[in-house]
Number of protein chains: 2
Amino acid sequence: MSPRIGADLASILSAAVELADSQGLDEVTMASLAAKLNIRSPSLYNHIAGLPALRNRLAIHGLEEICAGMERACAGQRGKEAIRSVARAYVAFAREHPGLHEATIRAPDPREPELRQAGERVVELVLRLLDDCGLTGAAALHAVRGVRSLIHGFASLEQKGGFALALPLEDSFDLLIDAFLAGIGVYELKL
Amino acid sequence: MSPRIGADLASILSAAVELADSQGLDEVTMASLAAKLNIRSPSLYNHIAGLPALRNRLAIHGLEEICAGMERACAGQRGKEAIRSVARAYVAFAREHPGLHEATIRAPDPREPELRQAGERVVELVLRLLDDCGLTGAAALHAVRGVRSLIHGFASLEQKGGFALALPLEDSFDLLIDAFLAGIGVYELKL
DNA sequence: AAATAAAACTAATCACATTAGTTTTTTATT
DNA sequence: AATAAAAAACTAATGTGATTAGTTTTATTT
C-alpha cells in the first residue's frame with residue numbers, strides 16, 4: 001500500500017488528543033505535536049493541512065465521542081430519564097477529555113460541513129429523546145437548544161474553574177437538570 | 001504628574017475592546033494593539049505586563065460591564081421577573097460585545113483575585129434576586145450555578161454559531177429561562 | 001537650566017506556523 | 001535483482017508575534 005510508513009492521521013490525532021487533555025488545547029501546536037511523534041513539524045503537513053485543520057479534526061473527533069457516549073448512556077432509557085443520562089454523559093466526557101471538549105467549543109469554523117454533521121447527530125439524538133417527552137416540531141427544536149445550553153454552559157464553567165465555591169458539583173448539575181425537566185412543560189404551552 | 005504623556009491603561013483597554021469586538025479575541029495581539037495605538041509593541045510593556053495580563057484586564061472589564069448591565073436591567077424588579085431581566089441583559093451584552101464576552105470566558109487564570117472578585121459580584125447580584133424567589137443557603141448557591149450555566153451556555157453557543165437552524169433565537173432563550181424558572185421549585189424540594 | 005521619571009524607540013532573541021525544495025525509504029515493477 | 005514511483009521524512013528559509021535589554025526622547029519638577 002504505502003511506499004513508506006510513518007505517522008498516519010489516526011496516530012497524529014491520538015497524540016493531539018493526549019496533548020490537549022493533558023496540557024490544554026493551546027499547548028497543541030504543530031511543534032509540540034511533532035515532538036511527541038518524534039518527527040519535525042513540517043512533516044505533519046504530509047498528513048494534515050495545518051493547525052486549523054487539526055483543530056477542526058479534534059472538534060469532530062470530540063463530537064463523535066460525545067455522541068457515542070450519549071448513545072451508550074441512554075441505551076434502553078426513555079423520556080426524562082434518558083435526557084438526564086445524556087446530560088450526565090456530556091459532563092462526564094468534558095471531565096475525562098477536557099482538551100478535546102475545549103476543541104469542540106473552539107472549532108475554527110463552525111460551518112465546516114463535517115463538523116456540522118457531527119453536531120447534528122447530537123442534536124438528532126436529543127431530538128429523539130424529547131419526542132418521548134411529547135415534544136415535537138419547533139418546540140422540540142427550541143428544547144434542544146435549551147438542553148445544549150445547559151450542558152455546555154455547566155461543563156464549560158466547571159472546566160474553566162468558574163465554580164469556586166465549595167459546593168458539590170454533582171448536586172449542582174443534577175438540580176439544574178431537574179429544574180429544567182420539571183419546567184419542560186413550558187415548551188408545549190408557549191408554542 | 002506625568003513626565004511624559006503617552007498611551008494610558010484606559011486607552012489601551014478601550015482599543016483592545018474595539019479590536020476584540022470587531023476582529024475576535026484572537027486578533028488582539030500586542031502587535032495589532034500597538035498598531036492601533038500608533039506605537040510599537042514593546043512600548044505597551046510600559047503599561048501592561050504582557051498579553052496574558054491584557055487578557056485578564058479585558059476579562060475583568062467584561063465582567064464589570066456585565067454586572068453593570070444586569071443591575072440596570074433588573075432595577076426595580078423582583079423575583080422571577082428580575083432573573084429573566086438579568087439573563088436577557090447577559091445575552092445582550094454578549095451580542096454587543098462578542099470579543100469582550102469571549103475574554104470573560106477565556107481568562108488566562110480564573111483564580112486571579114481581581115477577576116474572581118468581579119465574578120463574585122455577579123454571583124452576589126443573582127443571589128440577591130434568588131432570595132426574592134425564596135431560595136437561600138445552599139439551594140440558592142446551586143441555583144446561581146444553574147443560572148450561570150444557562151446564560152453562559154446559550155450565549156456561547158449563539159456566539160460560536162452553534163445554533164444553525166432557522167429558528168428565532170429570542171424564543172429559544174425565553175423558553176429556556178421560562179422552563180428553568182418554572183422548575184426552580186426543585187431547589188427547595190430536593191435540599 | 002538641570003535632573004528626573006515615564007514613555008517611546010531600536011535591536012535582538014525565541015517560539016511557532018508554514019512553504020519550498022531535497023533526501024530517504026518502502027513498495028511495486030521490470 | 002535492479003529500478004521506478006510514491007509517500008514520508010528532512011533541512012532551510014520566511015514571516016509573525018511576544019518579550020527583553022538597552023537607549024533616546026520629552027514633559028515635569030526642582
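Which helices of chain A and chain B each supply at least two residues of the surface near DNA strand C? They are α2 (30-36), α3 and α4 (51-74) of chain A, together with α3 of chain B. Helices here are DSSP runs of H or I with at least four residues, numbered from the N terminus, and a residue is near a strand if one of its heavy atoms lies within 4 Å of it.

## About the model

This is a predicted model, in which local features need pLDDT of at least 70 and side-chain atom pairs count only at pLDDT 80 or more, while totals for chains, interfaces and linings use all residues. Residues are numbered from 1 along each chain as its sequence is written, chains are lettered from A and ligands numbered from 1 in the order in which they are written, and side-chain values use heavy atoms, with hydrogens and water left out.

## Around DNA strand C

Let's stay with DNA strand C for a moment. It is surrounded by 23 residues, and the closest are Pro3(A), Ala31(A), Tyr45(A), Ala7(B) and Ser43(B). Of the atoms of DNA strand C that come within 4 Å of the protein, 69% belong to sugar and phosphate. By class, the nearby surface has 12 nonpolar, eight polar and three charged residues. In this scheme Ala, Val, Leu, Ile, Met, Phe, Trp, Tyr, Cys and Pro are nonpolar, Asp, Glu, Lys and Arg are charged, and the others, Gly among them, are polar.

Phosphate oxygens of DNA strand C are met from both chains. A backbone N or O atom of Met30(A) lies 2.8 Å from one, and a backbone N or O atom of Ala7(B) lies 2.6 Å from one. Ser43(B) uses its side chain instead, with an N or O atom 2.7 Å from a phosphate oxygen.

## Around DNA strand D

What about DNA strand D? Of the 23 residues around it, Ala7(A), Arg40(A), Ser43(A), Pro3(B) and Tyr45(B) come nearest. Sugar and phosphate make up 68% of the DNA strand D atoms within 4 Å of the protein. The elements that each supply at least two residues of this surface are α3 (41-44) of chain A and α2 (30-36), α3 (41-44) and α4 (51-74) of chain B. The surface near DNA strand D holds 12 nonpolar, eight polar and three charged residues.

A polar backbone atom of Arg40(A) is 2.7 Å from a phosphate oxygen of DNA strand D, and a backbone N or O atom of Leu51(B) lies 2.9 Å from a phosphate oxygen of that strand. Arg4(B) reaches a base: a polar atom of its side chain lies 2.9 Å from a base oxygen of DNA strand D.

## Cysteines without disulfides

Over all chains, the structure holds zero disulfides (pairs of cysteine sulfur atoms within 2.5 Å). Cys67(A) is in no disulfide, and the nearest cysteine sulfur, in Cys74(A), is 9.3 Å away. In chain B, Cys67(B) is unbonded because the closest cysteine sulfur, that of Cys74(B), is 9.3 Å from its own, too far for a bond.

Cys67(A) counts as buried because its relative accessibility is 9%; buried means under 20% relative accessible area, with a 1.4 Å probe and protein chains only. Cys67(B) is also buried, at 9%.

## Two residues to look at

His97(A) sits in the loop between α5 (79-96) and α6 (98-105) of chain A. Its side chain makes a polar contact with that of Asp21(A) at 2.6 Å. Such a contact is a pair of N or O atoms within 3.5 Å; within protein, one must be able to donate a hydrogen and the other to accept it, and residues adjacent in sequence count only if both atoms are side-chain atoms. Leaving out residues up to four places away in sequence, His97(A) touches Val17(A), Asp21(A) and Glu65(A), where contact means heavy atoms within 4.5 Å.

Thr104(B) is found in helix α6 (residues 98-105) of chain B. It counts as buried because its relative accessibility is 16%. Not counting residues up to four places away in sequence, Thr104(B) touches Ala59(B), Gly62(B), Leu63(B) and Ile66(B).

Terms used
Buried < 20%, exposed > 50% of the residue type's maximum accessible area, 1.4 Å probe, protein only.
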